[in-house]
Amino acid sequence: MPASLANKWVLITGASSGFGAAAARAFAREGARLLLGARRVDRLEQVAAECRKLGAPEARTQTLDVVSTASVTEYVKWVQGVAGSLDVLINNAGGAKGLDTVANGKDEDWEWMMQTNVLGVLRMTRACLPLMLKNPGSHIINIGSVASRFAYEGGSAYCGAKAAELQITRVLRLELCGTGVRVTTVDPGMANTEFSLVRFSGDQAKADKVYDGVEPLTAEDVAEAILWVANRPAHVCIDEVVMKCTDQAAIHKVHRRTKA
Ligand SMILES: NC(=O)c1ccc[n+]([C@@H]2O[C@H](COP(=O)([O-])OP(=O)(O)OC[C@H]3O[C@@H](n4cnc5c(N)ncnc54)[C@H](OP(=O)(O)O)[C@@H]3O)[C@@H](O)[C@H]2O)c1
């Protein structure tokens, strides 16, 4: 029997697009109270308005840059004032920059990927834990990637960052054993969001090519998985979810339909 998420406080980082926005809508339909964070507050406001229409009793927004400890501290101070405690933390903000080999890699891309996908998760978790420890059955859900488990050419910093996210998730589960706080990683494969547009610095044609002839996961597919792990009863922890579209049997094995 799923546990009710009605009126639970759910914090989602990177809620301005993709998985984060879809998760916000999915939790809104369950009547959860939402705390949404990202850098693009105008986009967050649009998502929050949709969430209120879908049934969220609260959908609050506040600017958040997970790369900055000061921004994270400010954000969580705001969360403390608005909500007082937290039931679900979804560490989703992240992404990839570039597809260069190590030989051609750029410092700024590597730093962006490590800062957002790795240090962002650590900063947000450290700041939010005091609000969750009072709350047995609360849940940290990190969004990883199949890139944490399988390597691909050009993916060094992204695969490395997501592998770090996977190990951070596993470490946290050990450290929090006995507190009642659950820790999960949801690791999707290829999904059509703004991910590739960000990776290729806004080059839409390059981004579209990634999904050419493939039926990728949608943001809603991933949001459903996040919702499912979150509404298990408090004594049930789903450790790891690995999900890919049917066309992607492995990172290097993608079925592409040719156009007639
Ligand atoms: N799509 C895929 O194929 C795929 C597959 C596996 C895993 N993932 C992972 O899934 C997560 C969500 O990605 P997505 O596919 O939904 O891509 P997306 O549409 O580009 O969403 C990324 C989100 O992260 C936010 N973000 C980026 N940097 C941030 C920062 N410094 N501080 C706060 N928020 C930040 C963005 O918001 P702002 O720009 O407004 O800050 C945006 O809301 C990422 O961790 C990504 O690595 C994606």
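**Exercise 1. Charges**

How many positive and negative side chains does the protein chain have, and how far apart do the centres of the two sets lie?

*Solution.* Keep in mind that this is a predicted model. Start with the counts: there are 30 positive side chains and 28 negative ones. Then take the centre of each set; the two centres lie 3 Å apart.

**Exercise 2. The overall build**

Describe the protein chain as a whole, beginning with its helices and strands.

*Solution.* Step one is the secondary structure: eight helices and nine strands. Step two is compactness. The radius of gyration is 18 Å, close to the 18 Å from the globule rule for 260 residues, so the chain is as compact as a globular protein of that length. Step three is the box that the C-alpha atoms fill, roughly 50 × 40 × 35 Å along the principal axes.

Now look at the inside and the outside. Buried residues account for 51% of the 260 residues. The accessible surface comes to about 11900 Å², and carbon and sulfur atoms own 54% of that surface.

Finally, consider the contacts between residues at least 6 apart in sequence: 73% of these join residues at least 24 apart.

**Exercise 3. Two cysteines**

Work out why C159 has no bond to C245.

*Solution.* Let's recall the chemistry. A disulfide is a covalent bond between the sulfur atoms of two cysteines. To be counted here, the two sulfur atoms must be within 2.5 Å. Next, check the distance: the closest cysteine sulfur to that of C159 belongs to C245 and is 17 Å away, which is too far for a bond. From the other side, C245 is in no disulfide either, with the sulfur of C159 as its nearest at 17 Å. The count therefore comes to zero disulfides by the 2.5 Å rule.

Are these cysteines buried or exposed? The cut-off for buried is under 20% relative accessible area. C159 has 11%, so C159 is buried. C245 has 5%, so C245 counts as buried as well.

**Exercise 4. Two loop residues**

Place N104 and T246 in the chain, and decide whether each is buried or exposed.

*Solution.* Begin with N104, found in the loop between β4 (88-91) and α4 (107-132). Exposed means over 50% relative accessible area; N104 has 52%, so N104 counts as exposed. Although N104 and G154 are 50 residues apart in sequence, their C-alpha atoms are 9.3 Å apart in space.

Turn to T246, which lies in the loop between β7 (240-243) and β8 (248-250). Its relative accessible area is 81%, so T246 is exposed. The C-alpha atoms of T246 and P216 are separated by 8.0 Å, with their positions 30 residues apart along the chain.

Conventions. Residues are numbered from 1 along each chain as its sequence is written. This is a predicted model: local features need pLDDT of at least 70, side-chain atom pairs count only at pLDDT 80 or more; totals for chains, interfaces and linings use all residues. Side-chain values use heavy atoms; hydrogens and water are left out. Helices (H or I, at least four residues) and strands (E, at least two) are DSSP runs, numbered from the N terminus. The radius of gyration is taken over C-alpha atoms; the globule rule is 2.2 Å times the number of residues to the power 0.38. Buried means under 20% relative accessible area, exposed over 50%, partly exposed in between (1.4 Å probe, protein chains only). Contact means heavy atoms within 4.5 Å. Accessible areas come from the Shrake-Rupley method with a 1.4 Å probe; for residues, only the protein chains shown count as cover. Lys and Arg count as positive and Asp and Glu as negative; His and the chain ends are not counted. The place of a charge is taken as NZ of Lys, CZ of Arg, CG of Asp or CD of Glu.
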